[in-house]
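Let's take a walk through this one together, starting with a strand and then moving on to the pockets. Keep the viewer open as you read.

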Amino acid sequence: MNQSPDIKSLIDTTFDQFSGILSQHEFAPRLIEIGKVTYVGRSHARISGLPNVQSEELLQFPHHILGLALNLDEHEVGVVLLDHGEQLTAGDEVRRTHRLLDVPVGESLIGRVIDPVGRPLDGHGPITAAERRPYERDPAPIINRAPVTVPLQTGLKVIDALIPIGRGQRELILGDRQTGKTAIAIDTILNQKNKDVICIYCAIGQRNTAVAKVIDDLRTQGALEYTTVVVGESDAPPGLQFVAPYAATTLGEYFMDQGQDVLVIYDDLTSHARSYRELSLLLRRPPGREAFPGDIFYLHSRLLERSTHLADRLGGGSLTALPIAETEAQNLSAYIPTNLISITDGQIYLSPQLFQKGILPAVDVGRSVSRVGGKTQLPAYRAVAGDLRLSYSQFEELEAFSRFSSRLDSETLATLERGRRVREIFKQPQYQPLSVPEQLSVLIGMAGGAFDKTGLPQIHHLEVQVQRLLDNEFPDLSEQILSGKTITLTEQKSVLNAVSELIQQSQNPLSETD
């Protein structure tokens with residue numbers, strides 16, 4: 001069958017172009033450096049034959065296994081494996097990649113669950129990243145930073161009123177096991193809905209079931225649409241757990257550089273320190289206090305120093321860090337907790353005694369502090385709850401001493417009764433963060449004594465009704481508070497009268513049914 005002239009012309013042109021490209025191509029030999037595995041452990045390996053390898057360079061093993069060069073000794077290189085190495089044997093080839101470990105960053109990672117290297121774990125297809133950035137970066141210099149002045153609302157009354165957190169701050173959450181540390185972090189993420197804050201939850205050394213529950217809670221509450229989950233679970237190699245918080249921070253820095261506000265949760269850095277201790281001991285680094293390597297403080301300080309608020313000329317973005325640390329038997333003076341306390345800008349301490357009494361969140365106000373303090377708090381909070389922290393701490397001490405006395409004067413009894421109601425109001429169920437107007441409606445009533453004659457069992461029922469008061473009856477005042485303006489004594493009195501009237505109306509039907 002004869003070909004048409006058009007097709008023949010097209011084929012001839014195509015082959016002519018191929019011939020031109022082939023004639024212009026110059027084959028340049030490429031140097032590939034190949035080393036040999038001399039030893040393989042459960043989570044690390046030692047290799048020889050790569051004298052030019054760099055520290056923290058990514059290495060390629062057979063079966064698509066990745067490694068990170070950490071120890072550069074005279075005759076061999078100590079490598080941390082980022083995948084399970086059961087398939088590796090001594091004598092296997094290992095190749096240099098000539099690049100440091102990097103992670104994908106970009107808008108496409110929002111709503112995804114990934115491992116610290118950027119591989120998807122949620123079954124929603126491959127990651128399409130805007131770019132890749134090294135997992136370790138220098139923190140922003142002082143000249144590029146701005147003061148922390150904008151609040152990051154957690155939605156929890158006891159924290160927003162007494163231990164305020166600002167955008168760009170590093171606030172440590174610490175306490176014993178099962179005291180609600182992760183619950184506070186998750187509630188903070190839920191409260192960022194519609195607030196233009198991108199959240200990153202980094203799980204380090206957590207059980208698979210615990211991580212799955214967090215992801216399911218975020219998805220159920222609609223928070224996964226603005227959250228990225230970076231998972232280095234307990235079953236993952238220690239190398240992946242080691243790089244997990246750095247990978248999460250690099251992702252957060254990308255959004256911060258775009259002028260956005262970012263919240264990063266590290267859950268938890270105690271497990272991170274343990275994984276680094278395991279790697280260091282396997283790589284024959286000399287142990288120090290509690291067998292941790294000597295640079296464990298520097299390990300966490302260079303991580304948390306990357307959290308900041310950038311100057312307006314750089315976009316004004318911020319990276320807020322909420323690292324979590326686990327204590328044993330309330331020992332705040334242990335090595336890792338004291339390190340983190342000295343690095344961060346304050347701590348929220350959760351007491352197991354309060355947790356056992358059902359006072360949730362179990363925040364110990366006396367041992368908790370925000371070193372940035374009221375500078376990040378909305379002025380309305382300072383006007384309403386300015387002296388509340390001191391009076392609440394005094395109540396807790398007074399309550400402890402009152403157990404030893406059976407005869408108390410009327411003033412002491414009144415202080416104790418008020419303190420018990422304050423504590424009851426600070427209780428808050430999980431997954432129910434409150435907006436600023438909802439919190440201030442209750443705090444104004446509490447500070448003005450509107451709940452003083454209410455029985456403790458009725459407080460929660462009345463509080464739910466009071467929460468919507470500002471939005472419903474004082475919408476202009478709500479907008480004024482959210483815009484950063486203070487609340488005057490006259491306005492406080494008007495709100496207090498409305499709260500007292502609402503409580504009185506709500507109590508009458510209750511008393512009739514009783």
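Before we look at who faces whom, one bit of vocabulary: two strands count as paired if DSSP finds at least two bridges between them. Also bear in mind that this is a predicted model.

Start at strand β5, residues 77-81. It has a partner in β2 (residues 44-48), and the two run antiparallel, joined over four bridges. Within that pairing, Ala-45 sits across from Val-79 of β5. β5 also pairs with β4 (residues 65-72), again in the antiparallel sense, this time over five bridges. Here Ala-69 is what stands opposite Val-79. So if you click on Val-79, look for Ala-45 and for Ala-69. To get from β4 to β5 along the chain you go round a hairpin, with four residues between the two strands.

Now, is β5 buried or exposed? Buried here means under 20% relative accessible area. Five of the five residues in β5 are buried, so the strand is largely enclosed by the rest of the structure. It helps to think about the two faces separately, because side chains in a regular strand alternate between the two faces of the sheet. In β5, one side carries Val-77, Val-79 and Leu-81, the other Gly-78 and Val-80, and both sides are covered.

Next, the pockets. The largest has a volume of about 840 Å³. Its lining takes in 35 residues, and those closest to the centre are Gln-178, Gly-180, Lys-181, Thr-182 and Ala-183. Which elements build that lining? Helices α3 (181-190), α4 (208-220) and α6 (269-282), along with strand β14 (318-326), each put in at least two residues. α3 has the largest share, with six residues. As for chemistry, the lining splits into 16 nonpolar, nine polar and 10 charged residues.

Then there's the second largest pocket, at about 410 Å³. Fifteen residues line it, and if you want to find its centre, go to Ser-351, Leu-354, Asp-364, Glu-396 and Glu-397, which lie nearest. Two helices, α9 (352-356) and α11 (388-402), each supply at least two residues of this lining, and α11 gives the most, with five. What does the mix of residue classes look like in this lining? There are eight charged residues, five polar and two nonpolar.

Technical notes
Residues are numbered from 1 along each chain as its sequence is written. This is a predicted model: local features need pLDDT of at least 70, side-chain atom pairs count only at pLDDT 80 or more; totals for chains, interfaces and linings use all residues. Side-chain values use heavy atoms; hydrogens and water are left out. Buried means under 20% relative accessible area, exposed over 50%, partly exposed in between (1.4 Å probe, protein chains only). On a 1 Å grid over the protein atoms alone, a cavity is a set of points where a 1.4 Å probe fits but cannot get out, and a pocket is an open set with protein on both sides within 12 Å along at least five of seven lines; lining residues have an atom within 4 Å of a point. Grid points are joined across faces, edges and corners, and a volume is the space filled by probe spheres set on the points. Ala, Val, Leu, Ile, Met, Phe, Trp, Tyr, Cys and Pro count as nonpolar, Asp, Glu, Lys and Arg as charged, and the others, Gly among them, as polar.
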